[in-house]
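Trainee: Could you take one part of this protein and go through it closely, beginning with a single residue and working outwards to the strands around it? I would like the cut-offs behind each term as you go.

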Amino acid sequence: MRSQNQNKINTVVVCMIMVLLLGSDPAFSQVTQTVKGRVIDQQSKIELIGASVLIEGTLMGAATDVDGYFRIPNVPLGRHAIKVSYLGYKLLVIPEVLVSSAKEVVLTIELEEEFIAGNEIVVTSGIEKGTAQNPLSTVSARAFTVEETQRYAGGFDDPARLASSFAGVTYGNAQDNAIIIRGNAPSGLLWRLEGIEIPNPNHFPGGNVLGGGLFTIFSSNLLANSDFFTGAFPAEYGNATSGVFDMRFRNGNSDVREYTFQAGLMGIDFSTEGPINRGSNASYLVNYRYSTLGLLTDLNAIDTDQEIRYQDLSFKVNVPTKKAGTFSLWGVGALDRLFQPAVSDSALWTENFDRMKFSGDFTTAAAGLNHKLVLNASTYINSTVAVTTQKTLYDQDRLDDGLMFQDNEYADAVNSKITLTSTINHKFSSRLMTTSGFIVDQLLYNMDFKAAMDNDASTYQTYVDESGSSQLFHIYSQAKYALSPSLDVNIGVRYQYFALNSNASVEPRAGLSWQIAPRHEASLGYGRHSKLEDLQCYMAVQPNTPGSILINKDLDFTKTDHYVFSYSYQLTPNTRIKIEPYYQTLFDVPVIADSSFSMVNLKDERYINDKLVNEGTGTNYGVDLTLEKFLSNNYYYMISGSLFESKYKGGDGVERDTRYNRNYVLNVLGGREFKVKTNNILSLNVRFTLMGAERTSPLLLQRSLTEKQVYLDETRAFENSLTASKYLDFTLNYRMNHRKASHVLSLMIKNVLGSENDYGYIYSYEKDSVIRSKEAIVLPNISYRVEF
């Protein structure tokens, strides 16, 4: 009887799901939405009065008012192309804008002034073309939309995981979102939010790979369209050697209060936005997320001694004024907690990890107050004061053979920064614009690092024990000049100064962009870039020496020169092919004398107290290729591939492969949308990734067997390879548009085929031998989202 009742219940549930997914009330067919926003000049940011905004294929449209705002009500649901025109400016068409029932579409549209008045040039939106929004960028830049993080398979609503689908980018494994650009270590990436450099913005930052984490602390509910650079970036970006992730928060809806709730395996989110004072265009936007696993643990729904929990909060308040400019207050913060008990019964030990007990608490926060003031039709000033901080408290003990806990690792570090920055942008004419600015960083630190060498408790020692402050100064200027209607040149320079040791760096930047023909474009880019190492490297104390002798205090910047050529051919209005060969040299890289060690291979080496010298070099060269069809006619695809070499010389002067010299990477992804009934959209998306193997050093087998833990031959660093990686990812989204709300059901699976990750060698207590550690990790995320 129970079986029969259960079958009846299952049948009812299935029928309810089918009704929810496929049913459609005829009244819903008339549901519409409002499209609104503002049109401004791309360079000067002044409002454009009387600009025409049209919904293509309809008679619907509007003209901007005296403040540049427009509003188009009663737009049918679905995807639309939006055409924007203004006398003396290039015509702009923004394709495939998604209009849903629950939230108004709010756009900030920037138009580029014509070089020759009256010569109408049709350009596709920079976002949909994949070109960066930053007007000073020339090569190695890719813009991405928030929708792409939700739509692309493998994106997991995470910008960092989305970036791994772009040419030139690899990543470590399914557990970590570290971004490895053209063979450079993940720590070489600059993260910016609202124009401010921020610390590693990931949950459990550096847990597996320094520079990576589980996923970013940004919620897709807040993100605006952003830029991703892979080399030769403009002068406004500094303190980076591999690339830049330039993130921005959108403004909240200034007319209507809107809400979003999302629950899934990865977390539970709630966001709200709306006007502060109606009619003032001031708005707020806030999102809070808590880990589902942490919540289930709190409710005792999971029987486990392990603890993994995280939460984050993001917000932005935007207040425009009539005469004093626009003020915005923004912030993001995250709290993470990790605890793993040791296996107390030695008979159950399978590897060294089982002997470890560790706990970790991680705090990341950034907040800023921004002021943007338009001085006149040609000039505006953008200024920000911000505070960032990252705190790590990590304690690891190891059970010895007598089942007594011994100290193994300890890290208690707080790195904070107070930043003041201001930029002045001036447009001399439609041919010439300049951007100049400064950044002052007040660095505050308090660090205590201790560790045992090779798990030997008798070697437990202090690596860093220092607190204090210093300063990092940046000055930059860049100009863009149109030599002709088809030829632009960018020239810039950046200066960095580190007060702790009085080291400085002068960094020239240059770029050339040539529209060879209506569908052909070529670009050249060059940039010198430099980066500080993590402050703990400068604070390392000499081992076994009384007092605090900072052996690496005078360490200089790591420096690199990027050379990039790019050629792009627009096959159709929505399809392009792009080829980008590059060459990068690194110099003044910190290395250990007479050793294979180099900071270019940095992965999880947190404890370094050897004397470092700036004598290392490196070379990365290769070619990136992208064939991309942007979303149109309900489908899209992208094939991106890279062939590359990554070499370095350590302190012994021997040239070797770097750890990250995988040699090749291929991504094939695509998706299709299906209209269901009248207002609903079903989206199917897949991605296949094939990557060469990360490199490792040969095993010292006899020593490893004798001491029952892994030792590698670092005199032959990175001569061997791990296993090549292949992953298949899948994302399914179903959006149901009702009159008062939109519901979205999502299924995301990373590594559908269960391909194994190769983590290298471990000593197996079960087999009393050294084996390769391989594990298949499948990451599923089922979520429900409602917008109202």
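**A loop residue and the strand after it**

Mentor: Thr241 is buried, with a relative accessible area of 8%, where buried means under 20%, exposed over 50% and partly exposed in between, using a 1.4 Å probe and protein chains only. The model is a predicted one, in which local features need pLDDT of at least 70 and side-chain atom pairs count only at pLDDT 80 or more, whereas totals for chains, interfaces and linings use all residues. Residues are numbered from 1 along each chain as its sequence is written, and side-chain values use heavy atoms, with hydrogens and water left out.

Thr241 belongs to the loop between strand E14 (226-229) and E15; strands (E, at least two residues) and helices (H or I, at least four) are DSSP runs numbered from the N terminus. Once residues up to four places away in sequence are set aside, Thr241 touches Asn184, Gly188, Ser530, Lys531, Thr558, Thr560, His562 and Gln584, a contact being heavy atoms within 4.5 Å.

The strand that comes next, E15, covers residues 243-247, and 5 of its 5 residues are buried. In a regular strand the side chains alternate between the two faces of the sheet. Here Gly243, Phe245 and Met247 point one way from E15, while Val244 and Asp246 point the other way.

E15 is part of an open sheet of 5 strands, in the order E9-E14-E15-E12-E13, with mixed pairing; two strands pair if DSSP finds at least two bridges between them. Strands of a sheet pair through backbone hydrogen bonds, either parallel or antiparallel. On one side, E15 runs parallel to strand E12 (residues 189-193), to which 5 bridges join it. Along this pairing, Leu189 stands opposite Gly243 and Trp191 opposite Phe245. On the other side, E14 and E15 pair in the antiparallel sense over 3 bridges, and Asp227 has Asp246 as its bridge partner in E15. The edges of the sheet are taken by strand E9 (141-144) and strand E13 (196-197), each of which has a single partner strand, so one side of each is left without a neighbour in the sheet.

Two of the facing residues also appear in an aromatic group: Trp191 and Phe245 form one cluster together with Phe166, Phe218, Phe228 and Phe249. The whole structure contains 26 aromatic pairs, counted when the ring centres of Phe, Tyr or Trp (its six-membered ring) lie within 6.5 Å, with planes under 30 degrees apart called stacked, over 60 edge-to-face and the rest tilted.

Charged residues complete the picture. Of salt bridges, defined by a side-chain nitrogen of Lys or Arg within 4 Å of a carboxyl oxygen of Asp or Glu, the structure holds 52. One of them, elsewhere in the chain, is between the side chains of Arg785 and Glu787, at 2.9 Å from N to O, and both of these residues are buried. Back at the sheet, salt bridges that share partners join Arg192, Asp227, Glu236, Asp246 and Arg248 into one network. Asp227 and Asp246, already met as bridge partners, are thus also members of this network.
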